[in-house]
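Subject: Structure for you to look at

Dear colleague,

I am handing over the structure we spoke about, and below it you will find my notes on what turned up. Please read them with the coordinates open.

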There are 2 protein chains.
Amino acid sequence: MQYNAVTEDQIKLFEVLIGKSYVIKGKEDMQPYAKDNTEDLEYYPEVVLRPGNTLEVSGILRYCNEHLIPVTARGAGTGLSGGALPVSGGVSLSMDRFNRIIHIDERNFQVNVEPGVINETLQNAVKEKGLFYPPDPASKGSCFLGGNIAHSSGGPKAVKYGTTRDYVLNLEVVLANGDIIETGANTLKYSTGYNLTHLMIGSEGTLGIVTRIVFKLIPMPQNTFLMLATFPSPEQACEAVNGIFLAGANPSACEFIEPEGFKLAAAMLNVNFKIATGVEAYLLIEVDGNDLASLMTECENINEVLNAHGTLDVLFAETAEQKEYFWKLRRSIGEATKHNNVYKEEDTVVPRAELPELFKGVKEIGKRYGFRTVCYGHAGDGNLHVNILKDNLSNEFWNTGLDAAIIEIFELCKKLKGTISGEHGIGLVQKKFMPVMMPPHHLELMRKIKEAFDPNFILNPGKIF
Amino acid sequence: MQYNAVTEDQIKLFEVLIGKSYVIKGKEDMQPYAKDNTEDLEYYPEVVLRPGNTLEVSGILRYCNEHLIPVTARGAGTGLSGGALPVSGGVSLSMDRFNRIIHIDERNFQVNVEPGVINETLQNAVKEKGLFYPPDPASKGSCFLGGNIAHSSGGPKAVKYGTTRDYVLNLEVVLANGDIIETGANTLKYSTGYNLTHLMIGSEGTLGIVTRIVFKLIPMPQNTFLMLATFPSPEQACEAVNGIFLAGANPSACEFIEPEGFKLAAAMLNVNFKIATGVEAYLLIEVDGNDLASLMTECENINEVLNAHGTLDVLFAETAEQKEYFWKLRRSIGEATKHNNVYKEEDTVVPRAELPELFKGVKEIGKRYGFRTVCYGHAGDGNLHVNILKDNLSNEFWNTGLDAAIIEIFELCKKLKGTISGEHGIGLVQKKFMPVMMPPHHLELMRKIKEAFDPNFILNPGKIF
């Protein structure tokens with residue numbers, strides 16, 4: 001696709017459309033918009049626009065569509081697959097001014113919210129009303145809800161409560177030509193033509209710009225218990241994960257962590273987290289609910305499973321502070337790895353019981369190609385984040401040779417009936433691996449869907465396929 | 001779209017492709033394929049094909065696509081919106097030979113199954129392994145899983161467990177040109193390009209033919225309690241429904257029934273169900289779980305809410321037989337209404353707390369236009385089935401004049417942020433009402449998606465839009 005460069009006159013027109021102070025130009029000022037949280041990639045837009053309402057978004061898109069200017073939506077820039085990077089230049093469409101919680105509907109357990117609201121801000125606001133918005137990516141303190149929708153973000157609680165997808169009832173979306181639609185209704189069920197709500201979710205800003213969201217909420221569970229179990233081998237920990245579910249437990253989090261992950265996080269946070277001798281893996285397990293007696297029983301059941309799988313030790317978090325301490329360590333692993341080393345993060349996911357096989361395979365492939373990995377993630381979902389560390393590997397191997405190893409990892413995922421991204425999306429960095437997962441006619445079908453929505457391919461070009 | 005008629009030579013070719021005994025021709029033999037469960041509509045296909053495997057489906061579609069022959073997929077024919085009616089003639093593609101449960105994966109709580117399996121057959125098979133497939137439309141004893149996917153069918157348990165959509169992990173689909181894809185992976189999370197799994201669900205056979213399904217399962221809850229509450233007015237019953245959720249309860253069913261519904265069902269089933277004087281509405285409420293003490297507490301909470309909303313009486317089902325008796329009555333209402341009277345069924349759905357407003361509006365509109373309705377449905381989901389009875393209304397009013405009233409009902413749904421179908425789909429009979437819900441550019445977008453999948457519009461033409 002041939003795009004047009006943004007001219008000075010067009011920038012002036014955008015200034016009239018949305019207000020001069022909401023148009024950012026000049027390399028220095030645009031620097032924050034040239035990066036997201038993916039590796040060390042950097043792509044500059046030609047101009048950054050910060051519209052304040054749906055009609056402004058509509059006007060921008062209509063204009064850019066007519067003039068073949070690419071538009072890449074941008075949330076908080078916490079993405080891990082390069083989805084917000086404006087690789088073809090054009091407009092970076094920052095949604096940060098869409099930051100209002102419009103209405104918490106306590107009667108219907110719903111919230112009407114704009115996509116530039118921070119995930120945790122929403123969580124806290126609904127919690128005050130006794131309600132719960134469960135999706136909680138590690139970046140919840142900074143990531144935008146719009147970005148969560150772009151990738152159907154998960155987080156630790158997805159194992160019990162599902163991902164972002166499971167909470168979206170309705171979306172207001174501006175299409176590439178400026179048309180505005182509501183994708184669904186504010187109802188718990190919807191069987192009224194093609195489900196555009198679900199098609200938008202996970203489409204990474206390539207099909208339209210979300211300007212309003214209606215989320216379903218649930219009552220806030222009153223109690224949580226959190227336990228940290230240690231294991232002498234990662235394989236035993238992974239086996240224990242499936243054991244927990246086979247025993248009928250329904251944990252609200254079930255995270256696997258390699259010791260190196262906690263070590264890096266503790267170093268970055270500057271806290272004293274001691275890894276006991278012989279510990280080769282951790283499971284961080286939470287249960288939640290209202291009835292304390294049932295929760296205790298569930299903990300006992302889980303404890304039994306952990307013992308049967310050779311746990312060395314199970315530590316119960318005693319206080320709210322201790323719980324937050326463990327969670328903060330867990331959430332910091334990605335950032336800490338990045339802080340410590342150049343790395344690439346893969347978002348592998350397989351059926352839960354195949355996790356030990358995936359883990360073993362990843363380590364074997366790493367050994368064969370000569371790289372280290374730090375593995376951790378949402379084991380209860382079969383979702384293993386594989387952080388590949390650069391260490392002293394040559395730039396040449398890192399930039400080209402490593403692909404063969406990643407392909408082997410992804411082929412293993414496929415063999416185990418899994419896939420190459422569970423919650424981070426494809427974006428820029430995984431798109432070259434899509435042919436591992438799907439045949440050309442499948443990718444071609446996605447391209448045709450893209451064309452139905454965006455015939456000039458102006459929305460987030462260069463992503464997914 | 002101009003289609004070609006099926007020739008004698010082409011029928012012979014189909015006989016070679018799938019075997020002579022699986023090709024049905026001749027009006028008399030095709031009669032069962034000319035109807036589904038929607039009103040009294042009848043449309044004959046030109047030929048019925050009963051393929052036995054995915055490659056046969058692929059061959060049929062490739063051929064029909066090249067020769068512009070319409071293909072309408074057919075499950076058990078229990079649909080309520082005319083989705084399986086071959087309105088443009090052509091091939092009725094019966095999926096009844098796809099009736100195998102391929103593999104129950106007890107390690108991963110999954111099942112790999114063909115779309116011609118009956119819903120209840122799957123439920124029973126997984127129950128034997130301690131697993132639970134919750135979606136349970138009233139027709140569960142006869143409807144096919146493929147049809148459930150076509151409409152994202154719900155049922156009473158959707159209020160706690162979600163609809164069909166929430167259990168589909170992966171689909172094998174044959175596209176209009178004969179290409180075969182797997183829409184996803186067998187994982188609990190998926191963020192790998194456009195979500196074609198969710199786009200297929202609810203697309204009513206217009207985008208592809210599902211030939212294999214991987215469903216997620218959950219552990220079977222050990223206990224259920226069922227109660228039947230009576231109310232002096234439907235409004236009070238509807239208000240009580242929302243009260244149950246505001247009190248923090250999480251029932252596994254919460255059904256509203258007008259007395260006339262039970263009366264008709266009892267008459268058809270020939271059982272003696274007495275409607276006490278002064279009873280104007282019923283709620284059938286179920287809770288399920290493992291911990292008996294928690295369940296009792298939940299029942300007490302619900303009972304308190306019912307009393308606060310003026311229930312006349314709450315009857316607890318004492319035995320498994322009594323539970324099944326109540327459920328059978330409830331499931332039979334649709335069929336009993338049809339048995340008793342010519343009727344049209346609307347599948348209205350609104351946010352739960354708006355149900356009293358919807359109910360009131362439906363009755364007011366009926367009064368104004370001069371028709372009776374029997375209302376019942378999944379009140380916990382805000383999903384009210386409105387059966388409009390013909391009684392002694394003129395054929396002219398029934399066939400044309402009634403539309404204005406239905407439009408008023410649907411406009412009310414829209415005003416309340418609901419929609420015109422929660423679980424029955426649009427199919428043939430609701431498509432004329434789609435413009436009530438969405439602007440022309442929204443429908444046009446759906447048409448373009450259709451075109452991306454099926455450029456010759458051979459798949460189930462004349463449906464949805």
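Between domain 1 of chain A and domain 3 of chain A, about 390 Å² of area is buried, and carbon and sulfur atoms give 38% of it. Please bear in mind throughout that this is a predicted model. On the side of domain 1 of chain A, the three residues that supply more of the area buried against domain 3 of chain A than any other three are A:N37, A:E39 and A:L80, which together give 92%. The contact itself draws five residues from domain 1 of chain A and four residues from domain 3 of chain A.

For orientation, the division of chain A runs as follows: domain 1 covers 8-97, domain 2 covers 101-219, and domain 3 is made up of 224-421 + 437-447. The centres of domain 1 of chain A and domain 3 of chain A, taken over C-alpha atoms, lie 35 Å apart.

As to the polar side of this interface, the count between domain 1 of chain A and domain 3 of chain A is one salt bridge. The side chains of A:K344 and A:E39 form a salt bridge, with 3.7 Å from N to O, and A:E39 is also one of the three residues named above for their share of the buried area. Two residue pairs are in polar contact across the interface of domain 1 of chain A and domain 3 of chain A, both at pLDDT 80 or more. Where domain 1 of chain A touches domain 3 of chain A, its residues comprise one nonpolar, two polar and two charged.

I also looked for enclosed space, and the structure holds two cavities of 30 Å³ or more. The largest cavity has about 40 Å³ of space, and its lining consists of B:N37, B:T38, B:E39, B:L80, B:Y343 and B:E345, which by class are two nonpolar, two polar and two charged residues.

The second largest cavity has about 30 Å³ of space and is lined by residues of chain A, namely A:L80, A:S81, A:E345, A:D347, A:I420, A:S421, A:H424, A:G425 and A:Q430. That lining divides into two nonpolar, five polar and two charged residues. A:L80 therefore deserves a look in both settings, if you follow the definition of lining residues as those with an atom within 4 Å of a cavity point: A:L80 is in the lining of the second largest cavity, and A:L80 is among the residues supplying the 92% share of buried area.

With best wishes

Methods:
Residues are numbered from 1 along each chain as its sequence is written. Chains are lettered from A and ligands numbered from 1 in the order in which they are written. This is a predicted model: local features need pLDDT of at least 70, side-chain atom pairs count only at pLDDT 80 or more; totals for chains, interfaces and linings use all residues. Side-chain values use heavy atoms; hydrogens and water are left out. Domain bounds come from an automatic or database domain assignment. Contact means heavy atoms within 4.5 Å. Buried area is the accessible area (1.4 Å probe) that two parts lose on being put together, summed over both. A salt bridge is a side-chain nitrogen of Lys or Arg within 4 Å of a carboxyl oxygen of Asp or Glu. A polar contact is a pair of N or O atoms within 3.5 Å; within protein, one must be able to donate a hydrogen and the other to accept it, and residues adjacent in sequence count only if both atoms are side-chain atoms. Ala, Val, Leu, Ile, Met, Phe, Trp, Tyr, Cys and Pro count as nonpolar, Asp, Glu, Lys and Arg as charged, and the others, Gly among them, as polar. On a 1 Å grid over the protein atoms alone, a cavity is a set of points where a 1.4 Å probe fits but cannot get out, and a pocket is an open set with protein on both sides within 12 Å along at least five of seven lines; lining residues have an atom within 4 Å of a point. Grid points are joined across faces, edges and corners, and a volume is the space filled by probe spheres set on the points.
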